Number of protein chains: 2
Amino acid sequence: MGLVVQKYGGSSVADAEGIKRVAKRIVEAKKNGNQVVVVVSAMGDTTDELIDLAEQVSPMPAGREFDMLLTAGERISMALLAMAIKNLGHEAQSFTGSQAGVITDSVHNKARIIDVTPGRIRESLDRGNIAIVAGFQGVSQDKKDITTLGRGGSDTTAVALAAALDAEVCEIYTDVDGVFTADPRVVKKAKKIDWISFEDMLELASSGSKVLLHRCVEYARRYNIPIHVRSSFSGLQGTWVSSEPIKQGDKPVEQAIISGVAHDTSEAKVTVVGVPDKPGEAATIFRTISDAEINIDMIVQNVSAASTGLTDISFTLPKTEGRKAIDALEKNKAGIGFDSLRYDDQIGKISLVGAGMKTNPGVTASFFEALSDAGVNIELISTSEIRISVITRADDVNEAVRAVHTAFGLDSDSDEAVVYGGTGR
Amino acid sequence: MGLVVQKYGGSSVADAEGIKRVAKRIVEAKKNGNQVVVVVSAMGDTTDELIDLAEQVSPMPAGREFDMLLTAGERISMALLAMAIKNLGHEAQSFTGSQAGVITDSVHNKARIIDVTPGRIRESLDRGNIAIVAGFQGVSQDKKDITTLGRGGSDTTAVALAAALDAEVCEIYTDVDGVFTADPRVVKKAKKIDWISFEDMLELASSGSKVLLHRCVEYARRYNIPIHVRSSFSGLQGTWVSSEPIKQGDKPVEQAIISGVAHDTSEAKVTVVGVPDKPGEAATIFRTISDAEINIDMIVQNVSAASTGLTDISFTLPKTEGRKAIDALEKNKAGIGFDSLRYDDQIGKISLVGAGMKTNPGVTASFFEALSDAGVNIELISTSEIRISVITRADDVNEAVRAVHTAFGLDSDSDEAVVYGGTGR
């Protein structure tokens, strides 16, 4: 008998009908002879409604209380789901993050899981129950306070529980059919990926693909837990994310040279102009940024002009952190010694991801050619072993993604429209 | 510095405005030099909405999961209240029933508090915080499951915490000005009671007065915690419930001969007709009823007719238990040996309550005279040392309450309308 962890996002349990539909699917998995652990997000818009209430009573909701508030959402959905399952004649018990043994650090609103001690879940499963666990939440190790894991936290809860329980698979149910070769809202001919390696999925996730978050995939890779991303609205096979290719029939699915094209328009670019080209300058700039607790993405330093001995350093970061970064740099202008700052939030990033790049030297050239043929200007370039990313104007992003997708032969033959949406949290 | 426990019902925190209003009142109590513990119910209709959702997914929601669901309501209100208080510049921390150390038995949906271990609350208070506690909920001692305390549970939470923390007073904030000499919806001239003894309040609560529930008053009496029932919408003094009269100026408030008139139309009457008048018959009937876990109220046995040796036994019970009682008696008809059963749910109960009865022998006669003058027929009578209750036709109840209220000189001189409503839970 196998152990399966299933995770359902907010859109899958948006109303009573959704909860009943999901309950049936869970019971099917149980009837197929599995032990089933279900991780569930808050219903549909519940979280947004709670945030709205919080903003009405206080302009800056505090961390600990904000977490206490938000976790009410999963408490509602998990209890309702357990009731719906019981109504189908199967035993189910719901558990808060704390009861499920999800132990985190104390960073409210974006806590990290540091341990999972699922004793109560194991016991409940052994008694023949289906265990329903609140996603997105845990309890802090030192203070025993309720914490939340931040965006995409329910996926991480599911993978962490799958690892702690040594599950065969962690199924992430969402409102799309799986991971696609590009965002189907932008590329009509995007194809569902049957299998993708952890490494390629990590690159896609950090390049703007929103189906799975980086943290969740990283956790799955560390504990080697296969993830199966699939739709809760159909019975179709979705996308497997694992270390070894899955089999279709007798043969393993072939590893694609290119897994997909991701894009991201949530970033801005900061350029520090007129920096003395001497050792330690870059370090001073990025120490300033990291002291302000800002995560940055790409960094590019221009060749310095021989005449002046000055250079420019550009980096990208989430638009939401733009103000903070500019303020931090201005404050330390004397220490760093630059001329001026430029801020540009009209940029987009296009990334090509695929392990095949390592052994196919023509990929980079083909990528740039496709962009050039589409008339898209490249502003910055950054590469990893299995990814190339470029920064372009934001207006060019959709056209660029389509051009690259076609150039690498990723287009599907069919013209079927694909419904694509968020995955809840 | 004193320690005050305040409890706010759902109508007081029905929306963001209500929460902000309550936050100000809490901060006032803190500024007056008190340590403040606040027990809060779910916002307005939240609980009803959750129950509605539960009924949509399952016709018979299960105990454990139902409790998990309902407790989300207080989690929301307490977190929002803590945020609103912080926004006023004071420190506040919210605690679930479990975190506050409210330990109960395992009877889901109507658990009883068996211990309160408020270590975390005490610690939070000692650090200068205002502590906000979820009403109505606890954690079961044996299974560590979330439980709820049933109707009026938040009041019980407040009194239990007040006892465990040795508070000076437990303030129950509601949407009425206090406890009245009769239900102001029925008796326009009902007066607010300034002080009432625990004993009289217990009799009023068990006779149909809904401002405080019996369980909460019983708890307060056992631990001698004064309760102050007052409106969260005004700054007025409400009703003090305690063992010793409060003082107004230098003098203690005088103990009234009669505290008030309560009425109840939620009961039905069952008459067991043609019972052999021999020892053990009544015991067999009420053993049958108690085995079916039905609580009964009044019991009356008629004098038996000498010619037949048969008698009738009548009792009253909540209408909601009527079907169950009839079924249980019918099933055991042979064992008990009666002729037939009569069921009547068109009855009402009027009760006169007051410790002064003990020393004023004319009270009973005056009570019956008032009813007779109002043309109200009495069907059953039951008395305690400080209470007389009668059963009448349901249609006569309001008229009877008004007549008795006037006869005992309880009418107020003013004609002010009083707003009266529920107290949440």
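## Report on the predicted two-chain model

Chain A has a radius of gyration of 23 Å, which agrees with the value near 22 Å that a compact globule of 425 residues would have. The model discussed here is predicted. Along its principal axes, the C-alpha trace of chain A spans about 80 × 50 × 35 Å. The secondary structure of chain A consists of 13 helices and 22 strands. Of the 425 residues in chain A, 57% are buried.

### Helix 7 of chain A

Helix 7 of chain A, covering residues 198-206, is largely enclosed by the rest of the structure, because 7 of its 9 residues are buried. The buried positions are F198(A), D200(A), M201(A), L202(A), E203(A), L204(A) and A205(A). The acidic residues D200(A) and E203(A) are thus listed among the buried members of this helix. Just after helix 7 of chain A comes G208(A), whose phi is positive, at about 120 degrees.

### Salt bridges

Over all chains, a search of the whole structure finds 42 salt bridges. Three of the pairs are set out below, each with the separation of nitrogen and oxygen.

| Pair | N to O distance |
|---|---|
| R393(A) and D344(A) | 2.5 Å |
| R127(B) and E123(B) | 3.4 Å |
| E399(B) and R402(B) | 3.7 Å |

In the pair R393(A) and D344(A), the closest N and O atoms are 2.5 Å apart. This pair links distant parts of the chain: R393(A) belongs to strand 22 (residues 387-393) of chain A and D344(A) to strand 19 (residues 340-344) of chain A, 49 residues apart. R393(A) counts as partly exposed because its relative accessibility is 29%. D344(A), at 19% relative accessibility, counts as buried, given that buried means under 20% relative accessible area.

In chain B, the side chains of R127(B) and E123(B) meet in a salt bridge. R127(B) is exposed, its relative accessible area being 51%, while E123(B) is partly exposed with 47%. The cut-off for an exposed residue is over 50% relative accessible area.

The salt bridge between E399(B) and R402(B) lies within a helix. Both residues are in helix 13 (residues 397-407) of chain B, and they are 3 residues apart, about one turn of the helix. E399(B) is partly exposed at 40% relative accessibility, and R402(B) is also partly exposed, at 35%.

Beyond these pairs, a network of salt bridges links R64(A), E65(A) and D145(A) with R120(B). Its members therefore come from chain A and chain B, as the residue names R64(A) and R120(B) show.

### A negative surface patch in chain A

On the surface, a patch of negative charge is formed where D45(A), D48(A), E49(A), D52(A) and E55(A) gather. One of these residues, D45(A), is placed in the loop between strand 2 (35-40) and helix 2 (46-57) of chain A.

### P61(B) and its surroundings

P61(B) occupies the loop that runs between helix 2 (46-57) and helix 3 (63-70) of chain B. With a relative accessible area of 26%, P61(B) is partly exposed. I51(B) is 10 residues from P61(B) along the chain, and the C-alpha atoms of the two are separated by 8.9 Å.

Methods
Residues numbered from 1 in each chain as written. Chains lettered and ligands numbered in written order. Predicted model: local features only at pLDDT ≥ 70, side-chain atom pairs only at ≥ 80, totals over all residues. Heavy atoms only, no water. Patch = residues over 30% accessible without salt bridge, like charges linked within 9 Å, V, L, I, M, F, W, Y side chains within 5 Å. Areas by Shrake-Rupley, 256 points an atom, 1.4 Å probe, with all protein chains shown as cover. Salt bridge = Lys/Arg side-chain N within 4 Å of Asp/Glu carboxyl O. Lys, Arg positive; Asp, Glu negative; His and termini not counted. Charge placed at Lys NZ, Arg CZ, Asp CG, Glu CD. Helix = DSSP H or I, 4+ residues; strand = E, 2+ residues; numbered from the N terminus. Rg over C-alpha atoms; globule rule 2.2 N^0.38 Å. Buried < 20%, exposed > 50% of the residue type's maximum accessible area, 1.4 Å probe, protein only.
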